[in-house]
Amino acid sequence: MAAHPVAEDVRRRLQEDPGIQTLDLSSERIGDAGAEAVARELRHAPSLQTLKLTWNNIGDAGAEALARELRHAPSLQTLYLDSNNIGAAGAEALARELRHAPSLQTLNLCLNNIAAAGAEALARELRHAPSLQTLILCQNNIGDAGAEAVARELRHAPSLQSLDLSVNNIGDAGAEAVARELRHPPSLQTLDLGENGIGAAGAEAVARELRHAPSLQSLDLSENNIAAACAEAVALLFVEAPPPALRRVSVDLAGALEGRQLLWPLAGGRSNEEILDELRRVLRRRVLT
């Protein structure tokens with residue numbers, strides 16, 4: 001049987017550059033057969049650090065084939081499988097093999113359909129992926145159940161720095177579950193919960209727990225069901241206990257605080273970052289006096 005054209009392409013690239021570090025096969029429409037062909041070539045690319053398979057019509061069979069070969073790619077740090085057709089079964093196969101990918105730092109599964117079951121499978125294996133720093137699960141319809149499953153395992157992901165759960169049908173229950181666990185991942189710097197169905201209860205729960213998130217620098221709650229009153233409540237929580245590291249948040253803090261007539265020292269159209277820095281300075285002065 002003739003080799004898949006993508007396999008021949010990968011072999012040619014390996015012959016031209018045996019130490020190749022980045023292989024970008026995005027938008028080639030290779031499908032499951034092509035993904036399986038690429039997977040078989042991974043063991044011949046010991047220096048490969050980045051594999052991009054975005055927008056390729058890859059389903060569960062292709063994801064499963066790639067998962068089986070992850071152990072033969074010892075240098076792989078970044079795997080892009082976004083914008084494909086991977087479901088829960090493919091996600092579960094990838095999850096099982098995370099422990100055999102000791103160098104993997106970034107896994108991008110955005111815009112697939114792994115659903116809650118796939119998110120739960122990946123979450124269970126976070127403790128066996130000690131190098132994983134970035135997990136991108138946006139647009140996967142994981143819902144509250146998936147968010148809760150991921151949240152439960154955050155304490156077992158000490159290296160995780162960035163978590164993207166945007167556009168996932170997450171409501172207040174999922175946001176509250178994530179909030180309860182924010183104190184446990186010591187390295188988490190970026191959390192994206194944008195474009196979900198989170199309302200006032202979920203947003204305020206997250207804001208309340210940020211005081212216990214020592215490393216979190218960026219929080220995206222944009223395009224949720226957060227009204228002006230909720231924004232004011234979030235801002236007042238920050239006044240009460242400024243998050244220790246937060247610099248970027250998708251709430252208009254200046255507008256919210258001015259709405260509550262808390263103009264000084266926050267007036268003058270300051271950015272969120274400036275306001276948060278000022279709140280932390282005020283808190284430090286209170287502690288010292």
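Two strands count as paired here if DSSP finds at least two bridges between them. Keep that in mind for the first view of this predicted model.

**View 1. The edge of the sheet, where β1 meets β2.** Strand β1 and strand β2 (residues 50–52) run parallel and are joined by 3 bridges. Look for D24, which sits opposite K52 in β2.

**View 2. The open sheet of 9 strands.** Pull back a little and the strand order reads β1-β2-β3-β4-β5-β6-β7-β8-β9, with parallel pairing. At the edges stand β1 (22–24) and β9 (248–249); each has a single partner strand, so one side of each goes without a neighbour in the sheet.

**View 3. Helices α5 and α6, side by side.** Helix α5 (residues 115–124) packs on helix α6 (residues 143–153) at an angle of about 5°, and their axes lie 8 Å apart. Angles under 35 degrees count as roughly parallel, which is why α5 is described as roughly parallel to α6. On the α5 side, the contact is made by A116, A119, E120, A123 and R124. Facing them from α6 are A145, G146, A149, V150, R152 and E153. Sorted by class, that gives 6 nonpolar, 1 polar and 4 charged residues for the contact of α5 with α6.

**View 4. On to the next pair, α6 with α7.** Here α6 packs against helix α7 (residues 172–180), again with an angle of about 5° and axes 8 Å apart. These two helices, α6 and α7, are therefore roughly parallel to each other. From α6 come D144, A147, E148 and A151, and they meet A173, G174, A177 and V178 in α7. The class tally for α6 with α7 is 5 nonpolar, 1 polar and 2 charged residues.

**View 5. Helices α8 and α9.** Helix α8 (residues 200–209) and helix α9 (residues 228–240) pack at about 15°, with 9 Å between their axes. That angle makes α8 roughly parallel to α9. The crossing of α8 and α9 is right-handed. In α8, the residues to find are A200, A203, E204, A207 and R208; their partners in α9 are C230, A233, V234, L237 and F238. By class, the contact of α8 with α9 has 8 nonpolar and 2 charged residues, and no polar ones.

**View 6. A salt bridge within helix α1, between D9 and R12.** Side chains of opposite charge can pair when their charged atoms come close. In this view the side chains of D9 and R12 do just that, forming a salt bridge at 2.6 Å, N to O. D9 and R12 are 3 residues apart in helix α1 (residues 5–16), so about one helical turn separates them. The structure holds 17 salt bridges, and the one between D9 and R12 is among them.

Definitions and conventions: Residues numbered from 1 in each chain as written. Predicted model: local features only at pLDDT ≥ 70, side-chain atom pairs only at ≥ 80, totals over all residues. Heavy atoms only, no water. Helix = DSSP H or I, 4+ residues; strand = E, 2+ residues; numbered from the N terminus. Axes fitted to C-alpha atoms, helices over the stretch in contact; angles between N-to-C directions. Parallel < 35°, antiparallel > 145°, perpendicular 65-115°, else oblique. Left-handed = near helix turned anticlockwise from the far one by under 90°. Contact = heavy atoms within 4.5 Å. Nonpolar A, V, L, I, M, F, W, Y, C, P; charged D, E, K, R; others polar. Salt bridge = Lys/Arg side-chain N within 4 Å of Asp/Glu carboxyl O.
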